[in-house]
Structure formats: C-alpha cells, structure tokens
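Visitor: Could you walk me through this one? I'd like the details, one topic at a time.

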Amino acid sequence: MNAESAPGTVRGPHTLAEYAELARAALSPETWDFIEGGAGQERTLAANGEAFDRVRLRPRVLTGVGRPDLGVRILGRNWAAPFAVAPIAHHTLVHEAGEAATARATGRAGVPLVVSTFAGRTFEEIAEASCAPLWLQVYCFRDRAVTRALVERAERAGFEALVLTVDAPRLGRRLRDLRNRFRLPPGVGPANLPGENVSSPADHALAAFDDSLDWSVVDWLRSVSSLPVLIKGVLTADDARRALAAGVDGIVVSNHGGRQLDGAPATLEVLPEIAAEVDHACPVLLDGGVRRGRDVLAALALGADAVLLGRPVLHGLAVHGESGVGRVLDIVAEELTEAMTLTGTASAAQAGPHLVGAADRTEPPVPVTPRRAAGAGLLKAELHGSLQDPVLDTMNFLNEITHRYPDAISFAPGRPYDGFFRTEDIFGYLRRYLDHLEEGGASPEQVRSALFQYGPTSGQIRELIADSLRKDEGITVAPESVVVTVGCQEAMFLVVRALISGPQDALLVSSPCYVGITGAARLLDVEVTAVEEDDDGFDPARLQAALRAERARGRRPRAFYVIPDHSNPSGRTMPLSARHELLELARREDLLILEDTPYRMVSPGRQLPTLKALDRDRRVVHLGSYSKTLFPGARVGFAVADQSVVDDAGRTGLLADELTKIKSMVTVNTSPVSQAVAAGMLLSADGRTSELNARAAAYYGDAMRVTLQELERSFPPGERARLGVRWNEPSGGFFLAVQVPFRADNAALTRSAEEFGVIWTPMSYFYPQGGGDDEIRLSVSYLTHQEIADGMERLARFVKTQTA
C-alpha cells in the first residue's frame, strides 16, 4: 500500500489530525460542520475517540517481527490491510471527482470502499474507477422498489456485498446542521436516486425511509439479491445474536449511521461482547472513532476483523483529492505497521486481547470480555480460545446438515463403505487374537488380563503392527518405536504436543490440509503455518521458502505435516521425485516430517513408497490408522517415532517413549478389546492389510471412476468451460476437489441440501490461513454407484442454478 506510486501523489501531512486541520481550513464552515457533525449525537461520537484513547497496547521486544503482514481475508476476498472506507454520503460536496477519486485510491491501496446510497457519483462510474471490492450501503425506503432498483443496479455494476444500515428509520438530529440551516448546494446530491429532493438529508430520511423495519428485511434483501448481507448499527450482543439467527454475512458495530440514543456507548466499549457473541460465525467490523493506526490494532485486539475509516478519508479528499485519500490510507497503514511491530504482532490474524494492557487509572478499562450475572452460566469468551475457532465447528455443521436433510445424497462423509462389514466377523477376529496369545504361551490369566485390564500405555499389539508395516510398506522399525493410539487423531495430538515446546516453535502443514491436525494444534495453542499446494500438488521449493520466512520471524521450524498419498481433502498424490526432494530438504533443514497415510491400502494399483520407507535419516514420524483399512469403530491408530531423544544426562531413548508419557496423561491406554480385534484382523491375513483390502480398494477405485465419469457427463467440455467448473482426477483415495463459479460456503451448502438434495463439503474448511472459497470436496467412498449418479445429477442442477 503506497500512494506515492500514483501519479501526482503528494506526501503532505504526516497524521490524520493534520489532514483534519487542513480540511477545516479548506472548507466552508457549514460544509465542515456537515461532514463532522455525523448522523449520531455529538456526545456519542466524541465517546468513540475517547474509548480508543483509553486503550493501552502492550509493547514487546526481541520478537523477531520484521515487516508484519497487514492482510486479512473477509467474505472470500483478500484485503491489503484490515480496514476499508466507510459509507459516507456526498463526496462531491468536498471534491468534484467525488467517489470516483476515492475508488481509484482505495483500488490502489487494495482495500474496499463501502459506497453510500447517497453517493455523488453513479455506481457505474465508481465501479469503473475501482479495482478493489465495492460494497453498497443500503437504506431501506418505504418504496421497496426504489431499494430493489438500487441493489440490482449495484450488483450489475460489480458490487460484492450489501451493508444495510439498521439504526434507521431516521437520521439522528444533526445539531450543527440545524444551527446552520444547512442545505446541500445545487448540483450536489445522490447520483443514483434521480428525482429525489434531498437538499435536506434529515427531512428526506424522515419522509422516505421505512420506519417499520424488522429482521425480516434480511430475508427480503436476499430475495432481491444474491450478494452477502451485512448489517450496520449493532451495539448489543442481543442484536448480534438476532442478526446471526437472521443469517447475516457480517456485522458492523456502529453508533452513528442513523438514529441513536444520546450518550449511547462507544463502539469500542461494546465490541468485545458482540465479538464474543458472534464467535467467528461471520466477520465483525467496527465503524467509529478510528483516527490512528494504533486504533486499528486496538479494535482487532478487542474482537474486530477489520475497521471502517470515515471522516479522515473525506479530509484527505477535500485537501488533495485522490492523492489525499491515498495518503490517508498510507498513514493508517504505516502507523498500524509500527504498532504491530512494537507489540510483536506478526500478522493481523495474531491480534488478540493479550495486546491490551491496563487503561488509564482515572477511567474504567475497556472490557475484554463481557460481564455476567452470578449463576448465569459460563461465558464462552472465558473458555479456551480454540472453542471459538471455526475449524472446531466444521464437522459439527456437516453432521447437522446431514441429520437435517436425511434424504439428501451426501458426498461429505469420508468413511468406509458399510457393505464390507459383517457383525459376526468381530467375534472371529477376537478369537483369532486370543488363540495367538495362547499359541505364544500366555496363561488363561494373562489372556483374560489382555482383554479386561488397561494394558501397557504404548500398546499391546506393537509387534504385530511393526510386522504389518514391514510386509505391507517396506518400513522396518523395532516394535519399541510404535505407540498404539486412539485413532490417528490421538497420534497427531501426541506428536504436536511433544515437538512444539513453545511459541518459538513452528508447525508447518501442507494446505489444503486435513482439519484433524489443525484442530489438534489449535487445542494446544500451536500456531500453524500453511504451505500452499498448487494444481500439481506439493512443491518443496514453497516449503523451503516458508522455512526461511519462519526463521526470519525468529521462529524454529520443527515439523511439516503432509498426506502424500490421495490426500484429504484434495485427493492429490506427491510424485516420487518430490518425496526424495522433501526428505533431502528435511535432512538439510533439520526438520521432521509428519507423514499421515490413511488411504494407501484402500486405493487400487501399486502405490508409491511411503516417505518412511524412503527415510534413511529418521526424519519421518509415520502416522497410521486402521480406521479405513480394518474398521473405523475400533479407533486404533499408531505413531512410528523411532527418532532418538537425548536427555540432559546424556541418556538416549526414543521419541516413542516421550509420546507414551504424554498418552498416559491423556487416554492412559488404547482399548485392549479394540486392539485385540484389530490384531485378529491382521493375523487373519498374515499382517498384510493390502490383502484384507483388495476388494475394498477395487470398490473405491470404481467409485472414483464412476464419479469422474458422471462429472464428465454432467458437465461436458463446452459447458464446463463456460461455467468455470473443473476438477482433479485422483488415482485413489476417497476424495476429489471441484472448482465452482460461486462462493461455496455454508449458506450455499444449506441451499444445496435443502433445495437440491445433495450435500458436499466446502473446501474452505481445509485452508488454515484462508482459501478454497470457490471449491468443494466430494467424497466417493460411502455411496453406491447409483447414488453417485443420482447425486451428481442433483449437484449439476445446483451448480448451474447457483451460477445462473
């Protein structure tokens, strides 16, 4: 973000306060009072700035933060910084070019512009001038046809969201305008409301605005537009809760868009309780009082995803036109960068309540969490922060959708096909393991203990697992290197807990990524760094660049998680050459690789060697699961951790021993009965899970083939190109990824299930640092061929309708 790159840009003032003084000198007193008076009460507006003044940000030293990352991702778009320009009417009142000049400046800066209903330039002119997102601020008129026409016109012009001002139906008493008897000059008025007499904005609002709005207006807006809907003017957690129930896509905390009580709370004072109520269900933006870069960081720390800048932008426009707007945005970005550096905040996403220190002793502190009455229950904001992370809600939402629409065909579950399971087999496998124990010389008491007692924490079937890995995968390790876990999920948890000792340690993951590893990391307060895949899959050069970036931040990369074969969610497989490059990179960079391999034995054809089979330097911790290859209900997984660990006395052990210590405090042991059944299955095939899964692998291979055929049939090449639909073609596993020409979010998923009877998974669930907004994941494992064909027909109808 650098306004100096624009022709004619001036450096001018160095603070927003200096721009305000210059604007005051440049404008007539009546015009100055109009833009400064606001639509809310003056005491309330003053309180916004005072609330920011009371915030104290905690400085930190030696953090290794170089140039912090200001970028944020909101409603599927990347913003260069966590601020946008607020909706302000009549830019032409202060500069002839009006909103067109503002749009050019915001476009260069890479931040959105929220255009007022009362803009002085047409939507088309503003859209032509901008290369950044445009949102339309909407007042709902008594004549809904007027509002509909405005919305439809903005959508045709390329606007990307609607911001409904809900603290109407009338503008507040603008005391300065009343004293000045202010009227808009001739030629200055709303360019998109032809024929409207708005020389007195307050009088026009009283006559034209709908004074009977309720929450149904959100549904009405959705009926006339496909654009996301945000509401502006929320000041209580209760209204935020109602907004979520109404299905809004975002909330703007604001106290000056329309009618407000005199002395209403400052936006920053109510932000924490609203953010806690919203709980990341949608973006929360703050509008009101932001006059410095540190104010932006304070708002992020207290729960906002971004802020809106209002009057300072008009000051810049009044003084230096387009260049002035660019300079104002630059000043805020420069001040924000400085504040983030001094507080050790490497990215906007890292801002949180820990940045806020004690407030001025003479004033009450800005609350970080809402208060509660005695006996009112627990506050979620006071529970562990991971419980507010969307990644922990993704699977719950999918389950809810599945149960809500039981007749829908679901491409969501990544679980084995039920047709391979026979209840009676469990007893046979259990007997097979008990016979194995007896054949090995175990007494009846020892056999009984093997089933009924806790058993060793590290597991009682480690020898059988090691034998199976040697026969199936060419992985030769001692049984002592194996820890038997409650599914692979526990193995991930144990390994992350053991390897990441503090905030200076970095865990990197291939992105898109299985949510189990990111969820485990979040529960452990471990920050995950995403290494993006491209269309061809994993690129070692990107991992190397990420390692260098982490070290430049003063962090120590410890491990890299990846599913090399038929990955969840993308279905991609890492080529053999990339496997060798990755192992060499790990050796050179002193990095461990966490290899997750659930889909190899359930995929047809010959598989590439695992990273662990190729590992000659003990760089790979191999994470395994029998959920896909034996049966998921057993919940038996394992970790192969043969890395040596040296203590302070020079004694050497295995990483597996350290994982066992952690497991003893988490699950104590893995169910002996589950281990016994899994062991019986392994023994029945002489340890070769590949033989046990020959029929399943063929079935899943056919399911993938049928799915790809049905995609081809439903989206022939010409139509596919026209719609912008494409997909990859995995050679095995359960999943593939489909790119679609719309935002594939929870709202789209709900419509797909409700109106078309087909369920899928948004790929955005699997991107730890944003992405995948126009992709869906399809699972082919759980459906019959007929269900795949029927489901694909439904999916095609949904995609085409959604696109139309």
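Guide: One term up front: buried means under 20% relative accessible area, exposed over 50%, and partly exposed in between, with a 1.4 Å probe and protein chains only. By that rule Arg-635, at 36% relative accessibility, counts as partly exposed. This is a predicted model, where local features need pLDDT of at least 70, side-chain atom pairs count only at pLDDT 80 or more, and totals for chains, interfaces and linings use all residues. Residues are numbered from 1 along each chain as its sequence is written, and side-chain values use heavy atoms, with hydrogens and water left out.

Visitor: Where does Arg-635 lie?

Guide: In the loop between strand S17 (620-625) and strand S18 (636-640). Helices (H or I, at least four residues) and strands (E, at least two) are DSSP runs, numbered from the N terminus.

Visitor: What is phi for Arg-635?

Guide: Near 55°, a positive value in a residue other than glycine. His-566 also has a positive phi, about 50°, and is not a glycine. His-566 sits in the loop between S15 and H21.

Visitor: Is His-566 buried or exposed?

Guide: His-566 counts as buried, because its relative accessibility is 3%.

Visitor: Which peptide bond is cis in that loop, and what is its omega?

Guide: The bond from Asn-568 to Pro-569, with omega near 25°. Pro-569 is in the loop between strand S15 (556-562) and helix H21 (576-589). Another cis bond joins Ser-511 and Pro-512, with omega about 10°. Pro-512 falls in the loop between strand S13 (505-511) and helix H19 (515-523).

Visitor: Switching to the inside. How many residues are in the largest nonpolar core?

Guide: 112. A nonpolar core is a set of buried Ala, Val, Leu, Ile, Met, Phe, Trp, Tyr and Cys residues joined through side-chain atoms within 4.5 Å. Phe-83, Trp-135, Ile-251, Leu-268 and Leu-271 have the most contacts inside the largest core. H13 gives the most to this core, with 13 residues. A second, separate core has 43 residues, among them Phe-411, Leu-708, Val-740 and Ala-796.

Visitor: What does Ile-251 touch?

Guide: Leaving out residues up to four places away in sequence, its partners include Leu-230, Ile-231, Val-234, Ile-274, Val-278 and Cys-282. Contact means heavy atoms within 4.5 Å. Cys-282 counts as buried because its relative accessibility is 8%.

Visitor: Cysteines, then. How many disulfides?

Guide: Zero. The rule asks for a pair of cysteine sulfur atoms within 2.5 Å. Cys-513 is another buried cysteine, at 2% relative accessibility.

Visitor: And how many salt bridges?

Guide: A search of the whole structure finds 48. Each is a side-chain nitrogen of Lys or Arg within 4 Å of a carboxyl oxygen of Asp or Glu. Arg-153 and Glu-124 form one of them, at 3.0 Å from N to O. Arg-153 lies in helix H6 (residues 144-156) and Glu-124 in helix H5 (residues 123-129), so the pair ties together parts 29 residues apart in sequence.

Visitor: Which helix holds both Arg-470 and Asp-467?

Guide: Helix H17 (residues 462-473), where they are three residues apart, about one turn of the helix. They form a salt bridge, with the closest N and O atoms 2.7 Å apart. Arg-470 is partly exposed at 43%, and Asp-467 is partly exposed at 23%. Elsewhere, bridges with shared partners join Asp-238, Asp-239, Arg-241, Arg-242 and Glu-277 into one network.

Visitor: What about Asp-295, buried or exposed?

Guide: Buried, with a relative accessible area of 0%. Asp-295 forms a salt bridge with Arg-292, at 3.0 Å between the closest N and O atoms. Arg-292 is partly exposed, at 28%.

Visitor: Why is helix H12 described as largely enclosed?

Guide: Eight of the nine residues of H12 (residues 293-301) are buried, so the rest of the structure largely encloses this helix. Asp-295, Val-296 and Leu-297 are among the buried ones. Gly-303 follows H12, and its phi is positive, near 120°.
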